Each structure stands twice: as structure tokens, then as C-alpha cells.
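Me: I am new to reading protein structures and would like to work through this one step by step. Could we go from the pairing of its strands to its interior, and then to its surface?

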Amino acid sequence: MEEKLNRRPHKLEVTGRGTGSVTGIQDVVSFDENQIILDTDMGLLTVKGKSLHVSRLTLEKGEVDIEGTFDSFAYSSNENYRKSGESLFNRLFK
């Protein structure tokens with residue numbers, strides 16, 4: 001029930017296959033120059049491409065801006081990820 005209160009509007013906006021912004025982000029699961037995985041209100045969003053870069057990340061507002069050459073965007077279930085309860089930042093600062 002608490003999760004529903006914290007939901008933010010989810011929006012994916014891409015301009016020219018090279019820049020994009022996503023709102024409704026709960027967490028960053030992983031990222032490198034070829035793939036970014038975001039936990040959104042609508043499920044896990046996997047962005048694949050080349051030279052990917054997170055130019056702005058504001059988890060408090062649930063927003064991220066990304067740059068690079070985008071090849072694909074795919075949504076999948078985030079049930080297993082949410083059950084593990086371990087975010088990228090928690091794993092980094094162990």
C-alpha cells in the first residue's frame with residue numbers, strides 16, 4: 001500500500017535515438033556503456049545501445065536523463081528484483 005502512495009508518473013521520452021529521459025524511476029539496477037537497467041513503476045526497463053551515459057539522475061524525483069546511441073528499450077517484470085530488496089547503491093556501499 002505504501003508503494004502506491006509513492007508512485008510517480010512514468011514517462012519515456014526519446015529524441016533522435018541519442019538522448020532520452022525517463023520519469024517514474026524507483027532505482028538504478030545496473031549500468032554500463034552498453035546497457036542500463038532501471039526499476040520503474042511499470043517494471044524493469046532495459047535500455048541497450050552504445051556509449052550509454054547517465055547524464056542526470058535524481059532518485060528523489062524519480063528522474064534520469066541518458067545519452068548515447070539507443071538500440072532497444074524493453075520492459076520486464078520487476079517482481080524478482082523487488083523481492084531481493086538490494087539496490088545498486090546498496091551493493092556498491094557494502
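**Strands, core and surface**

Me: In which sense do strand S2 and strand S6 pair, and over how many bridges?

Reply: This is a predicted model, so what follows describes computed values. Strand S2 covers residues 19-23 and strand S6 covers residues 63-76. One of the bridges places serine 21 opposite its S6 partner, aspartate 65. The two strands pair in the antiparallel sense, and the number of bridges is five.

Me: How many bridges join S5 to S6?

Reply: S5 and S6 form a hairpin with four residues between them, and glycine 62 in the turn has a positive phi of about 75°. The strands run antiparallel, and valine 54, for example, has isoleucine 66 in S6 as its bridge partner. The bridges that join S5 to S6 number 12.

Me: In what order do the elements of the chain run from the N terminus on?

Reply: The chain has three helices and six strands. Reading from the N terminus on, one meets an α element, then the β elements, and then α elements again, which is written α-β-β-β-β-β-β-α-α.

Me: What share of the contacts with a separation of 6 or more comes from residues 24 or more positions apart?

Reply: A contact here means heavy atoms within 4.5 Å. Threonine 46 in strand S5 illustrates how residues apart in sequence can be placed in space, since its C-alpha lies 5.2 Å from that of alanine 74, 28 residues away in sequence. For the chain, among contacts with a separation of 6 or more, the share from residues 24 or more positions apart is 46%.

Me: Is threonine 46 buried or exposed?

Reply: Leaving aside its neighbours within four places in sequence, threonine 46 is in contact with Gln35, Ile36, Ile37, Ser72, Phe73 and Ala74. Its relative accessibility is 15%, and buried means under 20%. Because 15% falls under that cut-off, threonine 46 counts as buried.

Me: Which elements give two or more residues to the largest nonpolar core?

Reply: In soluble globular proteins, nonpolar side chains tend to be buried together. Here the largest nonpolar core has 11 residues, namely Val22, Ile25, Val28, Ile36, Leu38, Leu45, Val47, Leu52, Val64, Ile66 and Phe70. The elements that give two or more residues to this core are S3, S4, S5 and S6.

Me: What relative accessible area does aspartate 27 have?

Reply: Aspartate 27 lies in strand S3, which covers residues 25-31. Its C-alpha is 10.0 Å from that of valine 64, a residue 37 places apart from it in sequence. Aspartate 27 is buried, and its relative accessible area is 9%.

Me: Is serine 51 buried or exposed?

Reply: Serine 51 lies in strand S5, and its phi is positive, about 50°, although it is not a glycine. Its relative accessible area is 57%, whereas exposed means over 50%. Because 57% is over that cut-off, serine 51 is exposed.

Me: Which residues are joined with Lys50 into one network by salt bridges that share partners?

Reply: Side chains of opposite charge can pair when their charged atoms come close. The side chains of aspartate 71 and lysine 50 meet in a salt bridge of 3.4 Å, N to O, and this pair links distant parts of the chain, aspartate 71 in strand S6 and lysine 50 in strand S5, 21 residues apart. Arginine 17 is in the loop between strand S1 (11-15) and S2, and its phi is positive, near 60°. Salt bridges that share partners join Lys50 into one network with Arg17 and Asp71.

Me: How far apart, N to O, are the side chains of aspartate 65 and arginine 56 in their salt bridge?

Reply: The structure holds five salt bridges, including one in which the side chains of aspartate 65 and arginine 56 meet. Arginine 56 is partly exposed, with a relative accessible area of 32%. The N to O value for this pair is 2.9 Å.

Me: Which residues make the nonpolar surface patch of about 360 Å²?

Reply: One member is methionine 42, which is found in the loop between strand S4 (35-40) and strand S5 (43-58). At 56% relative accessibility, methionine 42 counts as exposed. The patch of about 360 Å² is made by Leu12, Val14, Met42 and Tyr75.

How values were computed
Residues are numbered from 1 along each chain as its sequence is written. This is a predicted model: local features need pLDDT of at least 70, side-chain atom pairs count only at pLDDT 80 or more; totals for chains, interfaces and linings use all residues. Side-chain values use heavy atoms; hydrogens and water are left out. Patches are made of residues with over 30% relative accessible area and no salt bridge: like charges are joined within 9 Å, nonpolar side chains (Val, Leu, Ile, Met, Phe, Trp, Tyr) within 5 Å. Accessible areas come from the Shrake-Rupley method with a 1.4 Å probe; for residues, only the protein chains shown count as cover. A salt bridge is a side-chain nitrogen of Lys or Arg within 4 Å of a carboxyl oxygen of Asp or Glu. Buried means under 20% relative accessible area, exposed over 50%, partly exposed in between (1.4 Å probe, protein chains only). Two strands pair if DSSP finds at least two bridges between them. A nonpolar core is a set of buried Ala, Val, Leu, Ile, Met, Phe, Trp, Tyr and Cys residues joined through side-chain atoms within 4.5 Å.
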